[in-house]
Amino acid sequence: MALLTAIALPVCAQPGNAPQATTDDTFLAKPQAERPNQEPAIVRPAQEKVAAERLSELRRQFGHAPNIVVVLMDDVGWGDLGVYGGGDAVGAATPNLDQIAHAGLQLSNTYSQPSCTPTRATIMTGQLPVRTGLLRPMLPGEGANGRGLDAKATLPQKLREAGYVTRAVGKWHLGTFKEAQPQNVGFDHYYGILTSSDDYTAWREPWRNPDLVTDPVRNAWAAKGETMAIVEGSSGEEAKPVFPIDNDSIRFVDEKLTEHAVRFIEGSKDSKQPFFLYFATRGAHNDNYPHPDFAGKSLAKYPYKDVMVELDHRIGEIRDALERSGQLENTLIFITSDNGPFAEAFPDTGHTPFRGAKGTSYEGGVRVPGIAYWKGTIKEGRVSAGLFDLTDLYATALTLAGASDKLPGDRFIDSIDQSSFLLADSGASRRRTQYYWAGNAFMGLRIAEFKVLIRDQNYQHDDTWPRNSPFQATVQSSMYGGKLFNLLIDPKEEHAMAPLKQPHIPVLLQAAKQHAATFKAFAPPVPIQLQ
Ligand code: CA
(Lines give C-alpha, C1' and ligand atoms only; values in the text may rest on other atoms or scores of the structure.)
Protein backbone atom coordinates (compact mmCIF):
# COMPACT_ATOMS: atom_id res chain seq x y z
CA MET A 1 0.00 0.00 0.00
CA ALA A 2 2.18 2.77 -1.29
CA LEU A 3 -0.35 5.35 -0.21
CA LEU A 4 -0.27 4.18 3.35
CA THR A 5 3.49 4.26 3.45
CA ALA A 6 3.28 7.92 2.51
CA ILE A 7 2.52 8.47 6.19
CA ALA A 8 5.91 8.61 7.90
CA LEU A 9 6.53 5.77 10.33
CA PRO A 10 8.03 6.68 13.69
CA VAL A 11 11.06 4.66 14.71
CA CYS A 12 9.43 3.44 17.94
CA ALA A 13 6.51 1.74 16.21
CA GLN A 14 7.92 -1.45 14.81
CA PRO A 15 5.32 -4.24 14.92
CA GLY A 16 7.87 -6.75 16.25
CA ASN A 17 8.30 -4.76 19.47
CA ALA A 18 4.62 -4.92 20.36
CA PRO A 19 3.70 -6.32 23.77
CA GLN A 20 1.39 -9.33 23.97
CA ALA A 21 -2.20 -8.44 23.13
CA THR A 22 -4.89 -9.11 25.71
CA THR A 23 -7.40 -11.85 24.90
CA ASP A 24 -10.15 -9.59 23.63
CA ASP A 25 -8.04 -6.88 22.01
CA THR A 26 -7.96 -7.78 18.35
CA PHE A 27 -5.66 -4.89 17.42
CA LEU A 28 -2.47 -6.83 18.07
CA ALA A 29 -3.95 -10.32 17.78
CA LYS A 30 -2.14 -12.79 15.55
CA PRO A 31 -4.72 -14.64 13.48
CA GLN A 32 -3.73 -18.03 12.12
CA ALA A 33 -4.61 -19.61 8.81
CA GLU A 34 -6.40 -22.92 9.27
CA ARG A 35 -5.89 -23.53 5.56
CA PRO A 36 -3.49 -21.86 3.14
CA ASN A 37 -6.45 -20.70 1.04
CA GLN A 38 -8.51 -19.17 3.85
CA GLU A 39 -8.58 -15.83 5.66
CA PRO A 40 -6.63 -16.28 8.92
CA ALA A 41 -8.77 -16.34 12.09
CA ILE A 42 -8.09 -15.55 15.72
CA VAL A 43 -7.76 -18.85 17.56
CA ARG A 44 -10.00 -19.06 20.62
CA PRO A 45 -9.70 -22.63 21.95
CA ALA A 46 -12.00 -22.28 24.96
CA GLN A 47 -15.04 -21.03 23.06
CA GLU A 48 -14.38 -23.37 20.14
CA LYS A 49 -14.52 -26.32 22.56
CA VAL A 50 -17.80 -25.07 24.06
CA ALA A 51 -19.36 -24.62 20.63
CA ALA A 52 -18.25 -28.04 19.38
CA GLU A 53 -19.69 -29.72 22.49
CA ARG A 54 -22.95 -27.82 22.15
CA LEU A 55 -23.31 -28.79 18.48
CA SER A 56 -22.57 -32.41 19.19
CA GLU A 57 -25.15 -32.51 22.03
CA LEU A 58 -27.79 -30.93 19.73
CA ARG A 59 -27.06 -33.48 17.03
CA ARG A 60 -27.62 -36.28 19.57
CA GLN A 61 -30.85 -34.65 20.72
CA PHE A 62 -32.37 -33.95 17.29
CA GLY A 63 -30.81 -36.74 15.26
CA HIS A 64 -29.40 -34.48 12.57
CA ALA A 65 -27.53 -31.24 12.01
CA PRO A 66 -29.36 -27.98 12.75
CA ASN A 67 -31.56 -26.09 10.31
CA ILE A 68 -30.16 -22.79 9.06
CA VAL A 69 -32.36 -19.82 8.11
CA VAL A 70 -30.76 -16.71 6.60
CA VAL A 71 -33.13 -13.74 6.41
CA LEU A 72 -31.80 -11.06 4.08
CA MET A 73 -33.66 -7.75 3.92
CA ASP A 74 -33.04 -5.33 1.05
CA ASP A 75 -31.57 -1.84 1.54
CA VAL A 76 -32.63 -1.82 5.21
CA GLY A 77 -30.47 0.45 7.33
CA TRP A 78 -28.58 -0.32 10.54
CA GLY A 79 -30.71 2.31 12.26
CA ASP A 80 -34.12 1.10 11.10
CA LEU A 81 -34.58 -1.51 13.81
CA GLY A 82 -35.79 -0.45 17.24
CA VAL A 83 -33.12 -2.56 18.89
CA TYR A 84 -30.47 -0.54 17.01
CA GLY A 85 -31.93 2.76 18.18
CA GLY A 86 -34.51 3.13 15.40
CA GLY A 87 -38.02 1.70 15.46
CA ASP A 88 -40.63 4.23 16.46
CA ALA A 89 -37.89 6.84 16.84
CA VAL A 90 -37.48 6.74 13.05
CA GLY A 91 -41.15 6.20 12.22
CA ALA A 92 -41.61 2.40 12.17
CA ALA A 93 -41.81 0.10 15.17
CA THR A 94 -40.09 -3.31 14.82
CA PRO A 95 -41.27 -5.30 17.86
CA ASN A 96 -40.63 -8.76 16.39
CA LEU A 97 -37.10 -7.99 15.27
CA ASP A 98 -36.40 -6.34 18.61
CA GLN A 99 -37.72 -9.33 20.51
CA ILE A 100 -35.69 -11.77 18.40
CA ALA A 101 -32.54 -9.70 18.96
CA HIS A 102 -33.12 -9.53 22.72
CA ALA A 103 -33.67 -13.29 22.79
CA GLY A 104 -30.37 -13.95 21.01
CA LEU A 105 -27.18 -12.19 19.98
CA GLN A 106 -27.25 -8.65 18.62
CA LEU A 107 -24.18 -7.76 16.59
CA SER A 108 -23.25 -4.10 16.21
CA ASN A 109 -20.48 -4.64 13.65
CA THR A 110 -21.93 -6.80 10.89
CA TYR A 111 -20.66 -5.87 7.43
CA SER A 112 -22.12 -6.28 3.96
CA GLN A 113 -20.76 -5.11 0.63
CA PRO A 114 -21.89 -1.66 -0.60
CA SER A 115 -24.68 -2.99 -2.86
CA CYS A 116 -27.05 -5.88 -3.58
CA THR A 117 -25.38 -8.31 -5.97
CA PRO A 118 -21.91 -8.26 -4.38
CA THR A 119 -23.34 -8.96 -0.92
CA ARG A 120 -25.57 -11.77 -2.14
CA ALA A 121 -22.54 -13.28 -3.90
CA THR A 122 -20.48 -13.21 -0.69
CA ILE A 123 -23.15 -15.15 1.20
CA MET A 124 -23.31 -17.81 -1.51
CA THR A 125 -19.55 -18.13 -2.02
CA GLY A 126 -17.75 -17.09 1.18
CA GLN A 127 -15.58 -14.99 -1.11
CA LEU A 128 -15.18 -11.28 -1.69
CA PRO A 129 -16.86 -10.19 -4.94
CA VAL A 130 -13.50 -9.41 -6.60
CA ARG A 131 -12.67 -13.11 -6.38
CA THR A 132 -15.79 -14.11 -8.36
CA GLY A 133 -16.26 -11.05 -10.58
CA LEU A 134 -19.79 -10.54 -9.22
CA LEU A 135 -19.24 -6.83 -8.77
CA ARG A 136 -22.56 -5.57 -10.05
CA PRO A 137 -26.01 -6.84 -10.97
CA MET A 138 -26.18 -8.75 -14.20
CA LEU A 139 -28.16 -6.75 -16.71
CA PRO A 140 -31.40 -8.11 -18.16
CA GLY A 141 -30.57 -10.45 -21.01
CA GLU A 142 -26.91 -10.79 -20.04
CA GLY A 143 -25.85 -14.37 -20.73
CA ALA A 144 -23.71 -16.80 -18.78
CA ASN A 145 -20.38 -16.11 -20.50
CA GLY A 146 -18.40 -17.19 -17.50
CA ARG A 147 -20.18 -14.84 -15.09
CA GLY A 148 -22.39 -16.06 -12.32
CA LEU A 149 -21.91 -18.43 -9.43
CA ASP A 150 -19.83 -21.57 -9.73
CA ALA A 151 -22.57 -24.11 -9.03
CA LYS A 152 -20.09 -26.61 -7.57
CA ALA A 153 -18.97 -24.36 -4.74
CA THR A 154 -22.00 -22.48 -3.44
CA LEU A 155 -23.12 -22.68 0.17
CA PRO A 156 -26.41 -24.43 -0.71
CA GLN A 157 -24.55 -26.94 -2.89
CA LYS A 158 -22.10 -27.76 -0.09
CA LEU A 159 -24.95 -28.06 2.41
CA ARG A 160 -26.87 -30.27 0.00
CA GLU A 161 -23.83 -32.54 -0.22
CA ALA A 162 -23.89 -32.60 3.60
CA GLY A 163 -27.49 -33.90 3.55
CA TYR A 164 -29.48 -30.67 3.70
CA VAL A 165 -32.71 -29.81 1.93
CA THR A 166 -32.00 -26.40 0.37
CA ARG A 167 -34.67 -23.83 -0.45
CA ALA A 168 -34.35 -20.26 -1.76
CA VAL A 169 -37.28 -17.90 -1.37
CA GLY A 170 -37.30 -14.29 -2.53
CA LYS A 171 -34.98 -11.88 -4.26
CA TRP A 172 -32.03 -13.44 -6.09
CA HIS A 173 -30.15 -10.81 -8.13
CA LEU A 174 -27.34 -13.18 -9.09
CA GLY A 175 -28.42 -13.75 -12.69
CA THR A 176 -31.75 -14.33 -14.40
CA PHE A 177 -30.78 -16.93 -17.01
CA LYS A 178 -31.53 -20.59 -16.37
CA GLU A 179 -28.04 -21.72 -15.34
CA ALA A 180 -27.69 -18.84 -12.87
CA GLN A 181 -31.07 -19.31 -11.19
CA PRO A 182 -31.00 -20.52 -7.56
CA GLN A 183 -32.40 -23.99 -8.29
CA ASN A 184 -29.47 -24.58 -10.64
CA VAL A 185 -26.66 -23.43 -8.35
CA GLY A 186 -27.30 -25.57 -5.30
CA PHE A 187 -30.87 -25.01 -4.16
CA ASP A 188 -33.35 -27.87 -4.57
CA HIS A 189 -36.15 -25.42 -5.22
CA TYR A 190 -36.72 -21.71 -5.76
CA TYR A 191 -39.70 -19.39 -5.40
CA GLY A 192 -39.08 -15.67 -5.79
CA ILE A 193 -38.16 -12.61 -7.80
CA LEU A 194 -35.02 -12.87 -9.89
CA THR A 195 -34.06 -9.21 -9.89
CA SER A 196 -34.45 -6.05 -7.86
CA SER A 197 -37.89 -4.87 -6.82
CA ASP A 198 -37.72 -1.64 -8.80
CA ASP A 199 -37.08 -3.58 -12.03
CA TYR A 200 -40.71 -4.69 -11.82
CA THR A 201 -42.26 -1.31 -11.19
CA ALA A 202 -40.08 1.74 -11.86
CA TRP A 203 -40.59 1.78 -15.62
CA ARG A 204 -44.37 1.61 -15.12
CA GLU A 205 -44.53 4.81 -13.09
CA PRO A 206 -46.37 7.43 -15.19
CA TRP A 207 -44.27 10.24 -13.76
CA ARG A 208 -41.06 8.45 -14.78
CA ASN A 209 -42.00 7.14 -18.20
CA PRO A 210 -45.19 8.71 -19.56
CA ASP A 211 -43.91 7.93 -23.08
CA LEU A 212 -44.23 4.22 -22.28
CA VAL A 213 -47.13 4.08 -19.90
CA THR A 214 -49.56 6.14 -21.95
CA ASP A 215 -48.72 4.43 -25.24
CA PRO A 216 -50.27 0.93 -25.48
CA VAL A 217 -47.84 -0.26 -28.15
CA ARG A 218 -44.73 0.90 -26.31
CA ASN A 219 -46.18 -0.38 -23.04
CA ALA A 220 -46.67 -3.87 -24.47
CA TRP A 221 -43.13 -3.78 -25.89
CA ALA A 222 -41.62 -2.79 -22.54
CA ALA A 223 -43.54 -5.52 -20.69
CA LYS A 224 -41.72 -8.13 -22.77
CA GLY A 225 -38.37 -6.91 -21.40
CA GLU A 226 -38.14 -9.55 -18.72
CA THR A 227 -40.26 -11.83 -16.61
CA MET A 228 -42.53 -9.65 -14.50
CA ALA A 229 -43.54 -12.30 -12.02
CA ILE A 230 -42.66 -14.39 -9.03
CA VAL A 231 -41.11 -17.46 -10.64
CA GLU A 232 -40.75 -21.00 -9.32
CA GLY A 233 -38.66 -23.99 -10.31
CA SER A 234 -36.79 -27.08 -9.14
CA SER A 235 -33.24 -28.22 -9.93
CA GLY A 236 -32.63 -28.64 -13.65
CA GLU A 237 -35.64 -26.56 -14.67
CA GLU A 238 -35.99 -22.98 -15.83
CA ALA A 239 -38.14 -21.19 -13.26
CA LYS A 240 -41.66 -20.42 -14.56
CA PRO A 241 -43.87 -17.41 -13.77
CA VAL A 242 -46.43 -18.17 -11.06
CA PHE A 243 -47.55 -14.73 -9.83
CA PRO A 244 -47.57 -11.75 -12.24
CA ILE A 245 -46.17 -8.54 -10.77
CA ASP A 246 -47.30 -5.05 -11.63
CA ASN A 247 -47.53 -1.85 -9.61
CA ASP A 248 -50.54 -3.17 -7.74
CA SER A 249 -49.80 -6.84 -7.22
CA ILE A 250 -46.28 -6.08 -6.01
CA ARG A 251 -47.91 -5.15 -2.70
CA PHE A 252 -48.45 -8.84 -2.08
CA VAL A 253 -44.98 -10.14 -2.94
CA ASP A 254 -43.56 -10.27 0.59
CA GLU A 255 -46.76 -11.91 1.81
CA LYS A 256 -46.49 -14.56 -0.95
CA LEU A 257 -42.82 -15.17 -0.18
CA THR A 258 -43.56 -15.57 3.51
CA GLU A 259 -46.48 -17.93 2.89
CA HIS A 260 -44.21 -20.08 0.73
CA ALA A 261 -41.46 -20.12 3.36
CA VAL A 262 -43.95 -20.93 6.12
CA ARG A 263 -45.35 -23.86 4.11
CA PHE A 264 -41.81 -25.12 3.54
CA ILE A 265 -40.98 -24.86 7.26
CA GLU A 266 -44.19 -26.63 8.27
CA GLY A 267 -43.56 -29.33 5.67
CA SER A 268 -40.13 -29.98 7.17
CA LYS A 269 -41.59 -30.76 10.58
CA ASP A 270 -41.00 -34.51 10.51
CA SER A 271 -38.11 -34.54 8.04
CA LYS A 272 -35.08 -36.68 8.81
CA GLN A 273 -32.96 -34.09 6.97
CA PRO A 274 -31.98 -30.62 8.15
CA PHE A 275 -32.78 -27.67 5.88
CA PHE A 276 -31.16 -24.47 4.69
CA LEU A 277 -33.72 -21.74 3.99
CA TYR A 278 -32.48 -18.58 2.28
CA PHE A 279 -35.26 -16.03 2.71
CA ALA A 280 -34.54 -12.76 0.87
CA THR A 281 -37.31 -10.20 1.13
CA ARG A 282 -38.52 -7.78 -1.56
CA GLY A 283 -38.77 -5.00 1.03
CA ALA A 284 -37.65 -2.52 1.72
CA HIS A 285 -36.09 -1.69 -1.65
CA ASN A 286 -37.57 1.34 -3.33
CA ASP A 287 -40.13 1.82 -4.68
CA ASN A 288 -42.11 0.49 -1.74
CA TYR A 289 -45.76 -0.47 -2.12
CA PRO A 290 -46.97 -1.68 1.28
CA HIS A 291 -49.47 -4.50 1.59
CA PRO A 292 -53.01 -3.12 2.24
CA ASP A 293 -52.87 -4.52 5.79
CA PHE A 294 -49.86 -2.29 6.48
CA ALA A 295 -50.48 0.85 4.41
CA GLY A 296 -50.49 3.79 6.81
CA LYS A 297 -49.72 1.55 9.78
CA SER A 298 -46.31 3.00 10.60
CA LEU A 299 -45.94 6.04 12.78
CA ALA A 300 -44.50 7.92 9.78
CA LYS A 301 -47.14 6.69 7.27
CA TYR A 302 -44.58 6.69 4.44
CA PRO A 303 -44.27 3.65 2.14
CA TYR A 304 -40.78 2.63 3.32
CA LYS A 305 -41.83 2.86 6.94
CA ASP A 306 -45.04 0.90 6.36
CA VAL A 307 -42.99 -1.80 4.64
CA MET A 308 -40.61 -1.94 7.62
CA VAL A 309 -43.63 -2.65 9.82
CA GLU A 310 -44.69 -5.33 7.35
CA LEU A 311 -41.21 -6.90 7.18
CA ASP A 312 -41.11 -7.04 10.96
CA HIS A 313 -44.43 -8.88 10.88
CA ARG A 314 -43.31 -11.28 8.12
CA ILE A 315 -40.09 -12.21 9.93
CA GLY A 316 -42.18 -12.80 13.04
CA GLU A 317 -44.29 -15.21 10.96
CA ILE A 318 -41.15 -17.16 9.98
CA ARG A 319 -40.11 -17.44 13.62
CA ASP A 320 -43.64 -18.46 14.62
CA ALA A 321 -43.76 -21.19 11.96
CA LEU A 322 -40.53 -22.66 13.32
CA GLU A 323 -41.91 -22.55 16.84
CA ARG A 324 -45.32 -23.98 15.89
CA SER A 325 -43.66 -26.87 14.06
CA GLY A 326 -41.33 -27.64 16.95
CA GLN A 327 -38.16 -26.72 15.04
CA LEU A 328 -37.16 -23.46 16.73
CA GLU A 329 -34.70 -25.11 19.10
CA ASN A 330 -32.83 -26.80 16.27
CA THR A 331 -32.62 -23.78 13.99
CA LEU A 332 -30.15 -20.93 13.70
CA ILE A 333 -31.85 -17.79 12.37
CA PHE A 334 -29.53 -15.08 11.10
CA ILE A 335 -31.19 -11.78 10.15
CA THR A 336 -29.41 -9.04 8.22
CA SER A 337 -29.59 -6.59 5.29
CA ASP A 338 -27.67 -6.57 2.01
CA ASN A 339 -26.40 -2.97 2.20
CA GLY A 340 -27.09 0.40 3.76
CA PRO A 341 -30.06 2.60 2.92
CA PHE A 342 -30.45 3.97 -0.61
CA ALA A 343 -30.17 7.69 0.08
CA GLU A 344 -31.17 8.85 -3.40
CA ALA A 345 -34.61 7.26 -3.00
CA PHE A 346 -35.50 9.62 -0.16
CA PRO A 347 -38.08 9.68 1.32
CA ASP A 348 -38.59 6.03 0.32
CA THR A 349 -35.48 4.89 2.16
CA GLY A 350 -34.15 3.74 5.52
CA HIS A 351 -31.98 5.14 8.24
CA THR A 352 -28.36 4.81 9.22
CA PRO A 353 -26.69 6.87 11.91
CA PHE A 354 -23.38 6.52 10.07
CA ARG A 355 -21.69 8.48 7.30
CA GLY A 356 -22.64 7.67 3.70
CA ALA A 357 -25.24 5.27 2.35
CA LYS A 358 -25.65 2.41 -0.12
CA GLY A 359 -22.80 2.41 -2.58
CA THR A 360 -20.15 3.82 -0.25
CA SER A 361 -17.46 2.23 1.88
CA TYR A 362 -18.25 4.60 4.68
CA GLU A 363 -20.05 2.81 7.48
CA GLY A 364 -23.48 3.93 6.30
CA GLY A 365 -23.05 1.87 3.14
CA VAL A 366 -21.84 -1.38 4.65
CA ARG A 367 -22.61 -1.66 8.36
CA VAL A 368 -25.88 -3.55 8.61
CA PRO A 369 -28.07 -5.13 11.28
CA GLY A 370 -26.90 -8.60 12.34
CA ILE A 371 -29.01 -10.78 14.63
CA ALA A 372 -28.25 -14.41 15.47
CA TYR A 373 -31.08 -16.23 17.21
CA TRP A 374 -31.18 -19.86 18.27
CA LYS A 375 -33.57 -20.63 21.10
CA GLY A 376 -31.87 -22.51 23.91
CA THR A 377 -28.46 -22.47 22.24
CA ILE A 378 -27.49 -18.81 21.80
CA LYS A 379 -27.77 -17.21 25.21
CA GLU A 380 -30.44 -14.56 25.33
CA GLY A 381 -29.53 -10.93 25.83
CA ARG A 382 -26.09 -11.13 24.26
CA VAL A 383 -24.66 -8.13 22.45
CA SER A 384 -21.28 -7.92 20.76
CA ALA A 385 -19.17 -5.36 18.95
CA GLY A 386 -17.07 -8.14 17.39
CA LEU A 387 -16.56 -8.02 13.62
CA PHE A 388 -18.80 -10.25 11.51
CA ASP A 389 -18.56 -10.11 7.74
CA LEU A 390 -21.44 -11.64 5.79
CA THR A 391 -18.85 -13.82 4.00
CA ASP A 392 -18.54 -15.53 7.40
CA LEU A 393 -21.96 -17.14 7.01
CA TYR A 394 -20.40 -19.62 4.55
CA ALA A 395 -17.77 -21.26 6.79
CA THR A 396 -19.99 -20.86 9.85
CA ALA A 397 -22.87 -22.72 8.20
CA LEU A 398 -20.54 -25.51 7.05
CA THR A 399 -19.33 -25.99 10.63
CA LEU A 400 -22.90 -26.11 11.93
CA ALA A 401 -23.59 -28.73 9.27
CA GLY A 402 -20.57 -30.77 10.40
CA ALA A 403 -19.19 -30.24 6.92
CA SER A 404 -16.21 -27.91 7.35
CA ASP A 405 -14.20 -30.44 5.32
CA LYS A 406 -16.28 -29.35 2.31
CA LEU A 407 -14.72 -25.88 2.29
CA PRO A 408 -13.33 -25.50 -1.25
CA GLY A 409 -9.57 -25.95 -1.54
CA ASP A 410 -9.11 -24.60 -5.04
CA ARG A 411 -9.84 -20.92 -4.41
CA PHE A 412 -9.26 -18.33 -1.70
CA ILE A 413 -12.04 -18.29 0.90
CA ASP A 414 -12.52 -15.00 2.77
CA SER A 415 -15.05 -16.56 5.12
CA ILE A 416 -14.15 -17.29 8.74
CA ASP A 417 -15.90 -19.91 10.85
CA GLN A 418 -17.70 -17.83 13.48
CA SER A 419 -19.73 -20.68 14.98
CA SER A 420 -17.96 -20.35 18.34
CA PHE A 421 -18.51 -16.57 18.36
CA LEU A 422 -22.24 -17.14 17.90
CA LEU A 423 -22.73 -20.21 20.09
CA ALA A 424 -20.46 -19.87 23.14
CA ASP A 425 -22.06 -17.74 25.87
CA SER A 426 -19.08 -15.39 25.99
CA GLY A 427 -17.88 -16.02 22.44
CA ALA A 428 -15.78 -13.35 20.77
CA SER A 429 -15.29 -12.72 17.07
CA ARG A 430 -12.56 -14.65 15.31
CA ARG A 431 -12.31 -11.99 12.60
CA ARG A 432 -9.49 -9.52 13.07
CA THR A 433 -9.70 -7.58 9.82
CA GLN A 434 -12.63 -6.14 7.92
CA TYR A 435 -11.87 -5.32 4.29
CA TYR A 436 -13.70 -2.64 2.33
CA TRP A 437 -14.07 -3.04 -1.42
CA ALA A 438 -16.16 -1.00 -3.85
CA GLY A 439 -16.44 -2.60 -7.26
CA ASN A 440 -12.92 -3.70 -8.14
CA ALA A 441 -11.24 -1.08 -5.93
CA PHE A 442 -9.71 -1.84 -2.55
CA MET A 443 -10.98 0.98 -0.36
CA GLY A 444 -9.39 0.17 2.98
CA LEU A 445 -9.62 -1.97 6.08
CA ARG A 446 -10.57 -2.00 9.73
CA ILE A 447 -8.84 -3.64 12.70
CA ALA A 448 -10.41 -3.16 16.16
CA GLU A 449 -11.68 0.44 16.26
CA PHE A 450 -9.29 1.67 13.58
CA LYS A 451 -10.37 2.06 9.98
CA VAL A 452 -8.18 3.33 7.20
CA LEU A 453 -9.53 4.37 3.81
CA ILE A 454 -7.05 4.76 0.98
CA ARG A 455 -9.64 5.96 -1.53
CA ASP A 456 -12.37 8.51 -1.21
CA GLN A 457 -15.81 8.43 -2.75
CA ASN A 458 -17.62 11.40 -4.13
CA TYR A 459 -21.21 11.43 -3.15
CA GLN A 460 -23.82 14.07 -2.66
CA HIS A 461 -23.94 14.89 1.00
CA ASP A 462 -26.25 17.83 1.43
CA ASP A 463 -29.82 18.61 2.40
CA THR A 464 -31.26 19.17 -1.06
CA TRP A 465 -34.00 16.98 -2.40
CA PRO A 466 -34.67 15.43 -4.80
CA ARG A 467 -31.14 14.34 -5.39
CA ASN A 468 -29.98 13.87 -8.93
CA SER A 469 -27.24 11.30 -8.74
CA PRO A 470 -28.38 7.76 -9.60
CA PHE A 471 -26.21 5.99 -7.04
CA GLN A 472 -23.90 7.14 -4.31
CA ALA A 473 -20.17 6.86 -4.60
CA THR A 474 -19.72 5.68 -8.12
CA VAL A 475 -16.52 7.69 -8.35
CA GLN A 476 -13.48 6.67 -6.40
CA SER A 477 -10.35 8.72 -6.17
CA SER A 478 -7.07 7.89 -4.54
CA MET A 479 -6.06 9.89 -1.51
CA TYR A 480 -2.50 10.74 -0.66
CA GLY A 481 -1.81 9.05 2.66
CA GLY A 482 -5.32 7.79 3.27
CA LYS A 483 -7.71 8.61 6.11
CA LEU A 484 -7.61 6.94 9.50
CA PHE A 485 -10.70 6.92 11.68
CA ASN A 486 -11.38 5.67 15.22
CA LEU A 487 -14.88 4.25 14.86
CA LEU A 488 -15.53 4.11 18.59
CA ILE A 489 -15.11 7.81 19.22
CA ASP A 490 -15.93 8.92 15.65
CA PRO A 491 -18.55 6.52 14.27
CA LYS A 492 -19.60 9.09 11.66
CA GLU A 493 -16.06 9.21 10.19
CA GLU A 494 -15.82 12.97 10.42
CA HIS A 495 -12.32 13.27 11.89
CA ALA A 496 -9.42 11.66 10.02
CA MET A 497 -6.62 11.38 12.51
CA ALA A 498 -3.64 9.68 10.86
CA PRO A 499 -1.05 12.18 12.15
CA LEU A 500 -2.09 11.41 15.74
CA LYS A 501 -2.03 7.65 15.27
CA GLN A 502 1.29 6.99 13.61
CA PRO A 503 2.18 3.97 15.80
CA HIS A 504 -0.97 2.28 14.53
CA ILE A 505 -0.13 2.60 10.85
CA PRO A 506 2.31 -0.33 10.53
CA VAL A 507 -0.26 -2.69 12.02
CA LEU A 508 -2.86 -1.70 9.43
CA LEU A 509 -0.27 -1.66 6.67
CA GLN A 510 0.87 -5.19 7.47
CA ALA A 511 -2.72 -6.46 7.25
CA ALA A 512 -3.18 -4.71 3.91
CA LYS A 513 -0.02 -6.34 2.57
CA GLN A 514 -1.18 -9.78 3.68
CA HIS A 515 -4.53 -9.19 2.00
CA ALA A 516 -2.82 -8.06 -1.20
CA ALA A 517 -0.70 -11.24 -1.19
CA THR A 518 -3.82 -13.42 -1.40
CA PHE A 519 -4.53 -11.94 -4.83
CA LYS A 520 -1.05 -12.94 -5.99
CA ALA A 521 -1.56 -16.49 -4.75
CA PHE A 522 -5.07 -16.72 -6.19
CA ALA A 523 -5.42 -14.49 -9.24
CA PRO A 524 -8.82 -12.74 -9.41
CA PRO A 525 -10.94 -13.12 -12.58
CA VAL A 526 -11.22 -9.35 -13.04
CA PRO A 527 -8.68 -6.52 -12.98
CA ILE A 528 -8.43 -5.10 -9.47
CA GLN A 529 -7.12 -1.86 -8.01
CA LEU A 530 -5.18 -2.60 -4.86
CA GLN A 531 -3.55 0.79 -4.38
CA1 CA B 1 -29.89 -3.94 -1.70
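**Calcium site and surrounding structure in the predicted model**

The side chain of Ser337 reaches the backbone oxygen of Val76 at 2.8 Å, a polar contact being a pair of N or O atoms within 3.5 Å, of which, within protein, one must be able to donate a hydrogen and the other to accept it, with residues adjacent in sequence counted only if both atoms are side-chain atoms. A polar atom of the same side chain, that of Ser337, lies 3.2 Å from the backbone oxygen of Asn339. The model is predicted, with local features requiring pLDDT of at least 70 and side-chain atom pairs pLDDT 80 or more, whereas totals for chains, interfaces and linings use all residues. Residues are numbered from 1 along each chain as its sequence is written, and side-chain values use heavy atoms, with hydrogens and water left out.

Ser337 is placed in strand S8; helices (H or I, at least four residues) and strands (E, at least two) are DSSP runs numbered from the N terminus. Ser337 counts as buried because its relative accessibility is 0%, the term denoting under 20% relative accessible area with a 1.4 Å probe and protein chains only. Beyond its neighbours within four places in sequence, Ser337 is in contact (heavy atoms within 4.5 Å) with residues including Asp74, Asp75, Val76, Ser112 and Leu390.

The calcium ion has as protein donors Asp74 (OD), Asp75 (OD), Cys116 (SG), Asp338 (OD), Asp338 (OD) and Asn339 (OD1), at 2.2 to 2.6 Å. Donors are N, O and S atoms within 2.8 Å of the metal (3.2 Å for Na, K and Ca); water is not among the atoms, so sites may look incomplete. Along the chain, the donors follow the spacing D-D-x40-C-x221-D-N. Distant parts of the chain are thereby linked: Asp75 belongs to the loop between strand S1 (67–73) and helix H3 (95–102), and Asp338, 263 residues apart from it, to the loop between strand S8 (331–337) and helix H12 (363–366). Both Asp75 and Asp338 are buried.

Helix H3 also packs against helix H11 (residues 303–324), at an angle of about 50 degrees and with the axes 7 Å apart. H3 is therefore oblique to H11, as angles under 35 degrees count as roughly parallel, over 145 as roughly antiparallel, 65 to 115 as roughly perpendicular and the rest as oblique. Axes are lines fitted to C-alpha atoms, for helices over the stretch in contact, and angles run from 0 to 180 degrees between N-to-C directions. Among the residues making the contact are Pro95 and Leu97 of H3 and His313 and Arg319 of H11.

Overall, the protein comprises 15 helices and 15 strands, and 60% of its 531 residues count as buried.

Note on methods:
Buried means under 20% relative accessible area, exposed over 50%, partly exposed in between (1.4 Å probe, protein chains only).
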